[in-house]
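Me: Can you walk me through this one? I'd like to start with how the chains meet.

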Amino acid sequence: MDVSQLLFGVIVSTVLLISSLIIAAFAVLWLSGTGYLGVKVLAAAVLGVLIFSGVNAFLVKSWTWWKESKIRPLPDKKLFSFVAILYVVTVIFALWYAFAIVLNKNWAYDKATRGGYELSFSELVADTWSQKKPRLPTPDQVAGEIWKSTGTAAAKKWERTEGDPFLERISEVLGDKRNLIRHAWLTLSATMLGFVFGTGLGILLAVGIVHNRAMDNSVMPWVITSQTIPILALAPMIIVVLNAVGLSGLIPKAVISAYLSFFPVVVGMVKGLRSPDSMQLDQMRTWFASKAQIFWKLRLPASVPYLFTSLKIGVAASLVGAIVGELTISQDGGLGARMLQGNYYGATLIIWAALIVAAALAAVLVSSVGLAERVTKKRMGFVQ
Amino acid sequence: MTLILAALVVWAIGWGLNIWISHQKPGRWQSIVSAIIFGITLVIMWELIVRGSGISPVILPPPSMIINAFATSTDILAADFIQTFMKGVLTGYAMGCAAAFLTALAIDRSDFLKRGLLPIGNFVAALPIIGMAPILVMWFGFDWHSKAAVVVIMIFFPILINTVQGLDAADKMQKDLMRTYAASYWQSLFKLRLPAAAPFIFNGLKIASTLALIGAIVAEFFGSPIVGMGFRISTGAGRLELDLVWAEIVVAAVAGSAFYGIVALIERKATFWHPSQRK
Amino acid sequence: MDDIVIKAENLCLTFETNDGPVHALKDVDLTIDKGEFVSFIGPSGCGKTTFLRVLADLETPTGGTVCVNGMTPREARRKRAYGFVFQAAGLYPWRTISGNIKLPLEIMGIPRAEQKQLVEEVLDLVHLSGFENKFPWQLSGGMQQRASIARALAFHADILLMDEPFGALDEIVRDHLNEQLLELWAKTNKTIGFVTHSIPEAVYLSTKIVVMSPRPGRVTEVIESTLPKERPLDIRESPEFLDLAHRVREGLRAGHEDDA
């Protein structure tokens with residue numbers, strides 16, 4: 001599999017997608033002479049996606065058949081996977097729109113009954129995909145909400161502060177309580193602070209456990225038990241207690257993030273530092289290596305793959321910790337606070353926007369750890 | 001002051017004891033005894049330091065107060081346990097496991113779907129799915145149904161991924177052997193692939209057992225009837241009834257490890273042949 | 001003789017297990033002179049590996065005495081008197097070949113410039129020059145084992161202890177490495193202790209073959225080789241070689257009958 005093949009796949013899929021959309025748009029316009037334009041566009045999108053996935057599936061089928069029908073070296077796995085993922089994603093989006101109709105239809109019918117008018121199917125679809133407080137907002141509504149609460153909000157604030165000094169305007173825009181970026185930043189900073197501390201302490205404890213039998217015997221069982229109990233339940237109490245002793249804002253959330261990432265790191269690091277086998281340790285003995293030398297030259301490098309595995313778990317746990325922390329001290333803001341706020345007002349769009357941003361944050365965090373892992377492993381020679 | 005000195009003495013004794021134990025011949029009970037001594041030492045120190053240093057028991061209640069709260073509000077704790085664990089967690093766990101397992105069986109037959117779903121499943125497993133809780137509370141109401149729903153979506157993907165991977169775990173030679181017997185899909189599924197997948201499936205079930213309790217408790221932070229472990233923890237913390245909150249956390253901890261322990265025990269019985277279970 | 005390198009007298013080693021004591025070594029007497037190539041052969045459980053590990057101070061004997069270069073094994077280990085080659089190459093995947101060979105040198109605190117020179121020297125000795133910057137997993141199994149021999153040689157210990165070093169390799173690679181090992185031995189004049197369970201390998205390589213038997217692990221026979229020092233591969237078809245191999249096989253059988 002090389003880049004050109006992947007590129008080819010992307011181009012083919014894109015062309016396919018665009019042509020499907022165009023065909024679908026024509027079909028919809030032709031079928032419904034009049035009606036709301038937004039509905040037509042969306043119906044065309046859905047139809048396009050469905051045509052696209054159908055054609056895609058057909059192409060993949062016939063293509064694999066063609067590949068297998070001749071004696072050829074390995075079928076192209078990566079392109080196949082790529083198309084498969086694309087297919088599943090489009091199906092998920094199609095289902096999402098379908099569920100939006102199902103879940104929001106009652107409210108649309110209610111409005112119609114109260115207003116005393118009949119709903120045609122296309123009007124029903126138009127309504128369910130554009131309600132203010134839908135039970136399930138459509139992806140484009142969520143995207144619109146995210147844009148409204150980030151870009152548009154920033155632009156509005158920028159206009160409102162017209163006349164202030166430049167730097168002050170920037171800081172006002174960044175500090176805008178209505179702006180989702182600020183909330184995401186609050187969550188991210190608590191997550192990172194907690195993650196760094198949790199990981200550092202976790203590694204230290206793991207080193208202690210590996211080198212001290214008494215510590216191994218007494219502490220390790222508790223660390224393992226901590227993996228089976230819902231330590232996240234401690235979050236509200238930690239916030240309240242730290243607030244009572246005068247700590248508020250970032251620190252309590254970071255504390256929760258820290259202890260959530262701490263335990264996976266301890267478990268992973270202990271495993272990693274113990275990963276050298278007895279032959280490798282004997283070898284060190286034959287060279288009369290000191291404990292420190294064994295640690296720096298053998299145990300620590302050998303633990304790197306284990307460390308990264310637990311870092312990925314740890315960073316995801318840290319984010320969850322920060323968000324749950326924000327549920328308890330919502331006045332400070334953060335993505336968790338936005339979710340709670342949306343929950344109070346029944347504003348589903350706010351919840352979904354915060355949720356998607358949180359998911360994106362998690363994806364970015366986990367994949368940056370993954371990237372660091374790949375780079376480090378490559379430089380250390382663990383992988384080609 | 002004397003109490004704090006006493007705490008230090010207790011620490012020294014406990015740690016000394018553990019060092020002495022660590023120098024004994026390694027045995028089966030060594031680690032367990034050591035861990036228990038360590039735990040007891042910490043609890044006694046907690047009690048002594050809180051009493052000795054003038055930390056307000058409202059902020060950090062000493063263990064004796066927690067035990068007291070445990071004894072006086074057993075009925076509340078029991079009601080919370082039934083609401084959250086028996087209704088929310090167990091229902092959600094059963095439904096989530098069944099849904100994920102059946103989905104795994106369904107997509108297992110198509111290489112195309114597996115390739116499409118697995119990366120997405122892996123991606124979703126890393127997301128803060130718990131954030132779906134407020135939405136599900138809106139959809140399914142304040143009672144335990146919404147908690148069960150949160151549990152279902154939290155455990156769905158871990159079990160799905162593990163099951164799909166497990167179904168691929170039987171080695172090629174054994175699959176070829178099944179082919180030479182002209183075994184049908186279902187025969188080879190039940191006789192070879194499901195048993196070979198069992199260690200993976202149980203791994204998913206164990207991960208899910210902890211996620212389930214977390215999901216149900218956190219979902220209650222977003223809204224619940226006036227009963228439930230998450231409700232008690234969040235409102236108790238707000239009202240500074242921390243002794244009750246600690247008692248609830250103890251219940252959650254015990255329930256969590258018992259749940260995990262039971263799943264692990266079943267695993268041990270069912271996959272006794274696997275190298276990780278052999279002694 | 002004044003150039004005795006290894007001397008064991010009444011050496012015993014008993015492991016305590018749940019099923020009672022296991023005599024891994026019982027009353028082993030053995031002397032190895034400087035520059036000898038000694039093979040230890042016997043069925044599994046006969047203590048040949050254990051004996052080598054005792055020499056390397058990886059196990060502590062429960063009775064008798066053992067001297068390595070006139071010192072206790074522990075002192076010998078501290079003075080880095082021997083290089084040890086394990087059954088698997090055991091190279092670190094995160095270090096290059098030269099990095100792996102440098103590892104013991106770093107541990108022993110040898111200056112950098114000298115490290116580089118030593119690495120070049122031993123790589124040449126095992127015919128791996130040009131592979132310095134490759135990672136172990138980029139090399140074949142035989143090459144990896146050669147690198148691990150180079151690592152054992154790097155710090156100029158005059159004893160080389162090898163525990164079934166070629167056990168995991170196929171026959172063709174094995175022949176090749178045996179040839180190279182003899183060449184290396186001739187060049188460096190080291191004393192080599194070599195554990196194997198292949199009769200042809202033992203006969204082909206050694207100046208002295210120690211036949212051992214299990215339960216309790218003990219030496220049943222010491223066969224001095226009559227083969228010349230120059231040994232081309234086809235010496236293995238000579239009657240002399242076959243005769244020696246026959247004696248080793250008889251020795252092993254005798255040990256076995258004893259056991260039954």
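**Chain contacts**

Reply: Between chain A and chain B, the count of salt bridges is zero (a side-chain nitrogen of Lys or Arg within 4 Å of a carboxyl oxygen of Asp or Glu). This is a predicted model: local features need pLDDT of at least 70, side-chain atom pairs count only at pLDDT 80 or more, and totals for chains, interfaces and linings use all residues. Residues are numbered from 1 along each chain as written, chains are lettered from A and ligands numbered from 1 in the order written, and side-chain values use heavy atoms, without hydrogens and water.

Me: Which elements of chain A give two or more residues to the side that touches chain B?

Reply: They are H3 (77-115), H8 (213-226), H9 (235-244), H12, H13 (335-345) and H14 (348-380), all helices of chain A. Helices here are DSSP runs of H or I, at least four residues, numbered from the N terminus. H3(A) gives the most, with 11 residues.

Me: How do the residues on that side divide?

Reply: Into 44 nonpolar, 10 polar and three charged. Ala, Val, Leu, Ile, Met, Phe, Trp, Tyr, Cys and Pro count as nonpolar, Asp, Glu, Lys and Arg as charged, and the others, Gly among them, as polar.

Me: What area do chain A and chain B bury between them?

Reply: About 4,500 Å², 81% of it on carbon and sulfur atoms. That is accessible area (1.4 Å probe) lost on being put together, summed over both parts. In chain A, Thr228(A), Pro230(A) and Met237(A) lose the most to chain B, together 13% of what that side buries.

Me: And how far apart are the nearest C-alpha atoms of chain B and chain C?

Reply: 12 Å; those two chains do not touch. Contact means heavy atoms within 4.5 Å. Two pairs of chains touch, and A and B have the most contacts.

Me: Switching to chain C. How many residues of helix H3 are buried?

Reply: Nine of 11, in residues 97-107. Buried means under 20% relative accessible area (1.4 Å probe, protein chains only). Among them are Ile97(C), Leu103(C) and Ile107(C).

Me: What covers them?

Reply: The cover includes H11 (278-286) and H12 (291-328) of chain A, plus H4 (112-125) and H5 (141-153) of chain C. Just after H3(C), Gly109(C) takes a positive phi of about 75°.

Me: Last one. Which residues touch the most other members of the largest nonpolar core?

Reply: Met284(A), Tyr93(B) and Val203(C), out of 201 residues. Such a core joins buried Ala, Val, Leu, Ile, Met, Phe, Trp, Tyr and Cys through side-chain atoms within 4.5 Å. Another core, of 32 residues, lies apart from it and includes Phe40(C) and Val195(C).

Technical notes. Buried means under 20% relative accessible area, exposed over 50%, partly exposed in between (1.4 Å probe, protein chains only). Buried area is the accessible area (1.4 Å probe) that two parts lose on being put together, summed over both.
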